[in-house]
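User: Please take a close look at one helix and its surroundings. I would like to know how it is shaped, what it packs against and how it fits into the rest of the fold.

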Amino acid sequence: MDLDVFVSAHRAEWDRLDALLRRRRRLTGGEADELVALYQRAATHLSLIQSSAPDPQLTGRLSQLVARARSTVTGTRKASWRDVTRFLLESFPAAVYRARHWWVPTALLSTVVAALLGWWIAAHPEVQAAIAAPDELRRMTRPGGEYETYYSSHPATAFAAQVWTNNAQAAAMCLVLGVFLGLPVLWILFENMLNLGVGIGLMSSAGRLDTFLGLILPHGLLELTAVFVAAGTGLRLGWTLIDPGPRSRRTALAEEGRAAVGMAIGLALVLFVSGAIEGFVTPSGLPTWARIAIGIVAELAFLAYVYVLGGRAVRAGDTGDLAAAERSAAVPTAA
């Protein structure tokens with residue numbers, strides 16, 4: 001594209017759109033129709049310039065012009081409870097459902113890695129010795145030891161808030177850092193599985209694996225699922241950078257990035273539930289079977305939420321991205 005020729009050909013349209021936007025009096029019907037037409041053309045021009053001949057100064061000017069025109073045409077939009085309902089019942093479950101081909105394999109492979117690490121640690125005393133001294137290992141794994149008292153070491157409310165904050169940060173990092181080809185996500189995921197594997201290995205070597213699972217499963221099922229969803233989505237975002245498919249790389253990253261940001265909010269809510277279970281149910285005096293049952297019910301409820309509501313929303317055309325009216329105009333890309 002010859003940028004100078006393009007600007008010369010369309011400058012008059014942009015100036016006319018700017019003049020209409022500056023009008024203080026009410027526009028006539030004809031002027032309103034003209035404003036809408038010029039806004040649509042300017043949005044198309046902006047997309048063409050961004051994809052073919054990006055120029056920072058011109059892009060900035062047109063972006064401001066298109067934003068002002070869009071605000072005038074669509075009016076100022078305020079968030080409402082309808083937006084919250086749409087997000088919770090459609091957008092978020094749709095985004096998680098669409099990413100299932102990434103986070104389900106991530107969950108399976110990560111679980112296998114954690115189990116193998118646990119077996120390796122349990123079967124090799126020299127590895128246990130490298131983790132901590134024998135006295136420290138006994139303090140951690142004995143009845144009433146650190147692994148058990150950890151969940152009741154602080155008031156339930158404060159503990160739940162701390163756990164929720166830490167897990168939400170880890171999930172957000174997986175989502176955001178996925179853009180770096182997914183490599184930081186793999187490291188975060190491995191650290192989580194290593195911590196789990198160490199617990200499995202040490203408690204198994206002490207003959208107390210059942211106690212460890214009774215403490216982990218009530219909250220861990222939902223918590224780890226949220227982490228796997230975040231990791232899988234982060235990996236998908238990294239792959240989008242490599243292979244954007246029929247979309248332009250800019251458009252693909254924008255769409256998947258917006259969905260990932262929305263997913264971070266949704267997963268924070270999911271992790272709030274798992275944090276509440278970890279703070280109030282895990283250290284409670286309920287029988288082990290009852291605590292595990294609560295964790296299983298929470299996990300099944302989340303999976304049903306994703307596969308029923310999310311599947312329905314995806315089949316209806318929802319991608320987890322912003323509604324079409326809220327997205328910037330873009331030029332169609334040939335498949």
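Analyst: The bend at a residue is the angle between two fitted axes, one through the seven residues ending there and one through the seven starting there. By that yardstick, helix 4 bends by about 45° at Phe-87. The model is predicted.

Start with the length of helix 4. It has 18 residues, which should span 26 Å at 1.5 Å a residue. The end C-alpha atoms of helix 4 are 24 Å apart, which agrees. Helix 5 gives a similar check: its 24 residues, 100-123, should span 34 Å, and the end C-alpha atoms are 34 Å apart.

Now burial. Phe-87, the site of the bend, is buried. So are Ser-91, Phe-92, Pro-93, Ala-94, Ala-95, Val-96 and Tyr-97. The buried residues of helix 4 pack against helix 5, helix 11, helix 12 and helix 13.

Look at the partner side. In helix 5, the buried residues include Trp-103, Ala-107, Leu-117 and Ile-121. The buried residues of helix 5 pack against helix 4 (81-98), and also against helix 6, helix 10, helix 11 and helix 13.

Next, the nonpolar core. The largest one has 53 residues. Phe-92 and Val-96 are among the five members that touch the most others, along with Met-263, Leu-267 and Phe-302. Helix 4 supplies at least two residues of this core, as do helix 5, helix 7, helix 9, helix 10, helix 11, helix 12 and helix 13. The largest share, twelve residues, comes from helix 11.

Met-263 ties several of these pieces together. Leaving aside neighbours within four places in sequence, Met-263 contacts Phe-92, Ala-95 and Val-96. Its other such contacts are Leu-175, Val-229 and Thr-233. Apart from the largest core lies another, of 18 residues, with Val-7, Leu-17, Ala-43 and Leu-65 among them.

Then the record. An unreviewed UniProt entry places transmembrane regions at residues 102-122, 170-190, 212-238, 259-277 and 289-308. Residues 259-277 are 100% helix in the model, with end C-alpha atoms 27 Å apart. Residues 170-190 are 76% helix, and their end C-alpha atoms are 12 Å apart.

Finally, the whole chain. The protein has 13 helices and zero strands. Its C-alpha trace spans about 80 × 40 × 35 Å along the principal axes. The radius of gyration is 26 Å, whereas a compact globule of 335 residues would have one near 20 Å. Of the 335 residues, 39% count as buried.

How values were computed. Residues numbered from 1 in each chain as written. Predicted model: local features only at pLDDT ≥ 70, side-chain atom pairs only at ≥ 80, totals over all residues. Heavy atoms only, no water. UniProt positions renumbered as here; feature names shortened; annotations may be inferred. Helix = DSSP H or I, 4+ residues; strand = E, 2+ residues; numbered from the N terminus. Expected span 1.5 Å × (residues − 1). Buried < 20%, exposed > 50% of the residue type's maximum accessible area, 1.4 Å probe, protein only. Contact = heavy atoms within 4.5 Å. Core = buried A, V, L, I, M, F, W, Y, C linked by side-chain atoms within 4.5 Å. Rg over C-alpha atoms; globule rule 2.2 N^0.38 Å.
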